[in-house]
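Q: Could you take a close look at one part of this model with me? I would like to start from its open space and work outwards to the helices around it.

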Amino acid sequence: MSLVRRVVNHPVAQNALGLYGVQIAGYVVPLITLPYLARVLRPEGFGLLLFAQSFALWASLTIEYGFNLSATREVAQNRGKRDILSATAAGVLGAKAILLSGFVVIAGTAAWSVINFRQHPMYLLWALPQTLALGFSPFWYFQGTERMVRAVIVEFLARAAAAAFVFLVIRTPGDGWKVLALQAAAGCACTLTLTLWMYREVAFRRPRWRDSTRALRAGWDMFLFRGAYNFYSTANAFILGLFVSPVQVGYYGGAERIARALQGLTLPLTQALYPRMSHLVSQSTVKAARLARFTLSLAGATGLVFALLLALSVRWLVVPIILGPGYEPSASVLYIFALLLPVNTINSALIMHWMLPLGMEQLVSKITLGAIATNVILAALLAPRFAHVGMAWAILIAETGKFTVLVLILLWRGLTPMSALRESNPPSVEPL
């Protein structure tokens with residue numbers, strides 16, 4: 001029992017449990033409403049909802065800017081130093097205020113140029129506050145201090161309340177915008193509460209231009225990485241909606257939600273170990289490499305198990321029971337996502353547990369930008385002809401190419417965890 005108690009009380013375990021709470025709030029709770037929404041809204045209304053949600057998640061990256069990684073790492077490396085933490089909070093807040101201008105341009109462009117938003121303006125109207133709530137969330141502070149229990153409880157309660165109201169409010173295929181309104185209200189309440197809690201622990205400072213620009217410079221490479229990383233999970237339904245009808249977006253988006261929920265089961269441990277690895281690398285590269293080798297093996301095995309479970313359950317469980325009648329075309333997308341699961345889990349572990357803690361964000365950013373370009377080009381080529389299936393293949397090809405390039409470069413430079421264990425010296429990281 002003492003061993004179990006020590007494991008449960010360990011900061012990494014508590015961090016992982018907290019992040020699993022976030023995953024439950026962000027993926028599992030919405031999955032509870034997914035069968036209901038898929039049936040009530042039907043493929044067209046469900047596709048419009050997923051299109052707007054995808055836009056909100058993608059647009060929020062212009063404000064979040066990768067601070068969930070860069071600021072988390074800074075907080076993790078300066079725990080207990082209240083002056084530095086206060087300056088970090090002020091810099092991040094000021095940087096996000098500057099980034100609002102970019103978000104305004106994106107929102108205005110979308111309102112003017114995107115046909116789905118011109119025809120259904122309520123979807124854009126309620127996607128905007130949801131974007132702001134996601135972008136301004138101070139979750140990075142609680143993750144960096146490895147004290148996320150309260151933050152997780154607030155987020156879980158807010159999302160659960162929004163999900164409960166879905167069953168009371170959503171009655172017709174045209175009610176999809178009401179889902180966005182409920183989620184926006186929950187997100188704003190959560191962000192406000194967490195911000196007030198953060199400033200009870202660190203002194204509030206008025207953002208200064210110098211601190212804000214420093215935060216922007218420090219977060220640039222993480223922004224490129226986060227943008228690329230989240231591109232696969234947030235923007236593709238939006239991109240697909242630019243080429244095909246909302247019905248086909250519904251086929252794709254329903255399948256993507258299910259596959260992402262499975263992958264999301266591995267993300268909490270991946271993210272929980274990130275601040276620990278960032279601290280461990282500065283103390284002992286050998287210990288960090290040993291842990292990274294273990295987590296990479298675990299990530300690969302877990303991804304393969306999830307892929308097998310998904311592929312075997314597509315025809316008898318996922319499509320007929322979770323999505324329901326009318327979503328049979330989603331089966332092809334789910335089979336492709338089954339191939340993608342192990343690739344994504346290994347990529348996440350390799351980047352979060354080895355490359356980013358070593359400060360290799362520039363290398364990662366360049367490779368992920370190439371993956372984004374590949375994804376967009378293939379989407380433009382395949383989506384108009386093969387719709388939802390073409391979009392899924394575009395993601396699989398881009399993510400597999402990204403994994404291949406990452407591994408080849410690490411092998412070429414002798415920067416793999418195995419190389420670090422053999423040499424027992426800190427790897428030297430040089431830009432491309």
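Which helices each supply at least two residues of the lining of the largest pocket?

A: Happy to. Please keep in mind that this is a predicted model. The helices you are after are α13 (285-323), α14, α15 (361-413) and α16 (417-423), each of which supplies at least two residues of the lining of the largest pocket. That pocket holds about 190 Å³ of space. Its lining consists of 13 residues, and those nearest the centre are Leu-296, Leu-350, Val-407, Pro-417 and Met-418. Sorted by class, the lining has nine nonpolar residues, three polar ones and one charged one.

Two of these helices, α13 and α14, also pack against each other. In general, such a pair is described by the angle between the axes and the distance between them. For α13 and α14, the axes come within 8 Å and cross at roughly 165 degrees. An angle over 145 degrees counts as roughly antiparallel, so α13 is roughly antiparallel to α14. The crossing in which α13 passes α14 is right-handed. As for the chemistry of the contact between α13 and α14, it has 25 nonpolar, seven polar and one charged residues.

Helix α14 (330-355) takes part in a second piece of empty space as well. The structure holds two cavities of 30 Å³ or more, and the second largest cavity contains about 30 Å³ of space. Its lining is made up of Ala-259, Arg-260, Gln-263, Phe-337, Leu-340, Leu-341 and Asn-344. Two elements, α11 (246-264) and α14, give two or more residues to this lining. The most comes from α14, with four residues. By class, the lining of the second largest cavity has four nonpolar residues, two polar ones and one charged one. So α14 is a good thread to follow here: α14 supplies at least two residues to the lining of the largest pocket, packs against α13 with axes within 8 Å, and gives four residues to the lining of the second largest cavity.

Next, helix α15, another contributor to the pocket lining. Two of its residues deserve a closer look. Ala-387 lies in α15, and its phi is near 55 degrees, a positive value in a residue other than glycine. With a relative accessible area of 7%, Ala-387 is buried, because the cut-off for buried is under 20%. Thr-374 is also found in helix α15, but at a relative accessible area of 32% Thr-374 is partly exposed. The C-alpha atom of Thr-374 is separated by 7.8 Å from that of Ala-394, although the two residues are 20 apart along the chain.

A positive phi turns up elsewhere too. Arg-42 has a phi near 65 degrees, and it is a residue other than glycine. Arg-42 lies in helix α2 (residues 11-64), where its relative accessibility of 38% makes it partly exposed. If you are checking backbone geometry, Arg-42 and Ala-387 can be looked at side by side: Arg-42 is partly exposed, whereas Ala-387 is buried.

Away from the pocket, helix α4 offers further examples of packing. Helix α3 (residues 67-77) packs on α4 at an angle of about 165 degrees, and their axes are 10 Å apart. That angle makes α3 roughly antiparallel to α4. The crossing of α3 and α4 is right-handed. Helix α4 (residues 82-113) also meets α6: their axes come within 12 Å and cross at roughly 160 degrees. The pair α4 and α6 is therefore roughly antiparallel, and its crossing is right-handed.

One residue of α6 rounds off this region. Pro-121 lies in helix α6 (residues 121-135), and at 49% relative accessibility it counts as partly exposed. Between the C-alpha atoms of Pro-121 and Ala-111 there are 7.7 Å, with ten residues separating the two along the chain.

To come back to your starting point, the lining of the largest pocket draws at least two residues from each of α13, α14, α15 and α16, and nine of its lining residues are nonpolar.

Methods. Residues numbered from 1 in each chain as written. Predicted model: local features only at pLDDT ≥ 70, side-chain atom pairs only at ≥ 80, totals over all residues. Heavy atoms only, no water. Buried < 20%, exposed > 50% of the residue type's maximum accessible area, 1.4 Å probe, protein only. 1 Å grid on protein atoms, 1.4 Å probe; cavity = no way out; pocket = protein on both sides within 12 Å on 5 of 7 lines; lining within 4 Å. Points joined across faces, edges and corners; volume = space filled by probe spheres on them. Nonpolar A, V, L, I, M, F, W, Y, C, P; charged D, E, K, R; others polar. Axes fitted to C-alpha atoms, helices over the stretch in contact; angles between N-to-C directions. Parallel < 35°, antiparallel > 145°, perpendicular 65-115°, else oblique. Left-handed = near helix turned anticlockwise from the far one by under 90°.
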